[in-house]
Amino acid sequence: MTPTQPQTPAVTNRIDGLRPDAPVRAAWGAFGVGRTTLKMTNEDVPRMVNLLTGEGPERADRTLTVELFYPAQKPVQPTPIQSLLRDGQTPVTLWGQSAQDAPIAETAGDFPLVVISHGYPGNRFLMSHLAENLATKGYAVASIDHPDSTYDDQNIPEAVAVDRPRDIHFVLNALTALRTTGDHPALALLSTDRIGLVGYSMGGYGVLMAQGAQLAPPLLTQSPAAAQPLVQGYILDTDTPAHHPDPRVAAMIAIAPWGRQVGILDPKGLAKITTPTLVVGGSDDEISGYETGIRQIWQDTTAADRALLTFENAQHNAAAPIPAPQESYIPHPELGMLPFEHYADPVWDNVRMNNILQHAATGLFDHYVRNDQSAPDLAQARAEHDIPGTRFEFLPAG
């Protein structure tokens, strides 16, 4: 007899899977994982959504929620992560290695900082598998909830053009200030001299923009008049740039970065990036485009050492999202899609992709952020990525 409703599997929404065939650097590190929730307010900034719609105040405070994952003393008794499903309504309980406000680890040095920017829509827990994995290796990982881009407050996506790079720079500076003013003991141990960035989809666009990419000039005239003074600061070769690349960012990962395939990111602007970059994507990505988007970004960042990690036959969800929660197996009538499709790939296993990303990120950040010369740089990393179903390509700056 055919069931009237899909059956959910007997799983417990674990985000910390490690397959026996995981590449070597994916293995969990020596530390436990703690996490704490931070609120950061960027005061009186232009409200991009309102400038685009013509409704509401043109300036407002912008408050971001940031989850800080940090090395903790072992043993750690994990506590559940309370999140939301893709529909922005259904509560989801995730289980991993972390515990809320666990005692910080006793180490000889500070915690190198990595910042994660989610997709549209998404939230700060969408890549928590990577955040926890890096925290066990001594990193502090700050994962951002971007207002107007999360599951329960998503607004017009065009606002991302300005909001993402501005949010990323604000969080980098706010965390630096919190080293001396914050009330959580992990903040005092942040090392912000060398920083890593990770972004997925719109977050991939965001980290590229934060580190020097610029928008194609036609975007300015396509924007409403009220928004044009703000957009101007992100346009190619503007005389009044909205920001400059943060020199502390030593390396970044752009996963399925959006924007090049629709002409938003300008190739001359991408050529201004000098930060060593790992671009990650699926060869069948239908959202960001592979040949005209992801791969083209990798080719266009000519001033940076960069590598391209391709998951053959994978689509837009390659490597970044956590395994699909069991609640996502049930159709949602208002969403118009099976929520499962937001997390999963039709060909690849999520845990397999997560493990490969954890491996790649560990090598990248150990070399460039931690300055560990025993870890491979992007040119040397090819030897560690002889992984069935993937391709790893490198191009030097110049």
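This passage describes the packing, the polar contacts and the salt bridges of a predicted model.

Helix α8 spans residues 290–300, and its buried residues are Y290, G293, I294, R295, I297, W298 and D300. These buried residues pack against two helices, α4 (202–210) and α7 (267–270), and also against the strands β10 (277–282), β11 (306–311) and β12 (390–395). The surroundings of this helix can be followed through individual residues, beginning with T310, which is located in strand β11. T310 has a relative accessible area of 0% and is therefore buried, since the limit for that class is under 20%. The side chain of T310 is joined to that of Y290, a residue of α8, by a polar contact of 2.7 Å. Leaving aside residues up to four places away in sequence, T310 touches G281, S283 and Y290, together with G389, T390, R391 and E393.

S288 is found in the loop that runs between β10 and α8. With a relative accessibility of 0%, S288 likewise counts as buried. Its contacts, again without residues up to four places away in sequence, are with A256, P257, W258, Q261, G293, I294 and H316, and of these G293 and I294 are among the buried residues of α8. The side chain of S288 also reaches the backbone oxygen of P257, at a distance of 3.5 Å. Between S288 and M209, which are 79 residues apart along the chain, the C-alpha separation is 16 Å.

Strand β12, against which the buried residues of α8 pack, contains F392. F392 is buried, its relative accessible area being 6%. In sequence F392 and Y290 are 102 residues apart, whereas their C-alpha atoms lie 14 Å apart in space. When residues up to four places away in sequence are not counted, F392 touches L278, A307, L308 and L309, as well as L378, A381, R382 and H385.

Nonpolar packing was examined next. The largest nonpolar core has 60 residues, and those with the most contacts inside it are L175, L197, L208 and L215. Helix α3 gives the most to this core, contributing 9 residues. For L208, the contacts beyond four places in sequence are with A213, M252, A254, P257, L265, L270, I273 and I297; I297 is one of the buried residues of α8, and P257 is also touched by S288. A second, separate core comprises 57 residues and includes M127, V280, A361 and F392.

Charged side chains were then considered. Side chains of opposite charge can pair when their charged atoms come close. The structure holds 22 salt bridges. One of them is formed by D163 and R62, whose closest N and O atoms are 3.7 Å apart. Because D163 belongs to helix α3 (residues 160–181) and R62 to strand β2 (residues 59–72), this pair ties together parts that are 101 residues apart in sequence. D163 is buried, with 3% relative accessibility, and R62 is buried as well, with a relative accessible area of 7%. A further salt bridge, 2.9 Å from N to O, is made by the side chains of R124 and E67. R124 lies in the loop between β6 (111–117) and α2 (128–135) while E67 lies in strand β2, so that this pair ties together parts 57 residues apart in sequence. Both R124 and E67 are buried.

The side chains of D110 and R179 meet in a salt bridge of 3.5 Å, N to O. As D110 is placed in the loop between β5 (98–100) and β6, and R179 in helix α3, the pair ties together parts that are 69 residues apart in sequence. D110 is partly exposed, at 37% relative accessibility, and R179 is also partly exposed, with a relative accessible area of 29%. Salt bridges that share partners join R47, R62, D148, D163, R166 and D167 into one network, and the pair of D163 and R62 described above thus has both of its residues in that network.

Aromatic side chains complete the description. A search of the whole structure finds 3 aromatic pairs. In addition, the charged end of R370 sits over the ring of Y139, at 4.3 Å from the ring centre.

How values were computed. Residues numbered from 1 in each chain as written. Predicted model: local features only at pLDDT ≥ 70, side-chain atom pairs only at ≥ 80, totals over all residues. Heavy atoms only, no water. Buried < 20%, exposed > 50% of the residue type's maximum accessible area, 1.4 Å probe, protein only. Helix = DSSP H or I, 4+ residues; strand = E, 2+ residues; numbered from the N terminus. Contact = heavy atoms within 4.5 Å. Polar contact = N/O pair within 3.5 Å; in protein donor to acceptor, adjacent residues only side chain to side chain. Salt bridge = Lys/Arg side-chain N within 4 Å of Asp/Glu carboxyl O. Core = buried A, V, L, I, M, F, W, Y, C linked by side-chain atoms within 4.5 Å. Phe/Tyr/Trp six-rings, centres within 6.5 Å; stacked < 30°, edge-to-face > 60°. Lys NZ or Arg CZ within 6 Å of the ring centre and 35° of its normal.
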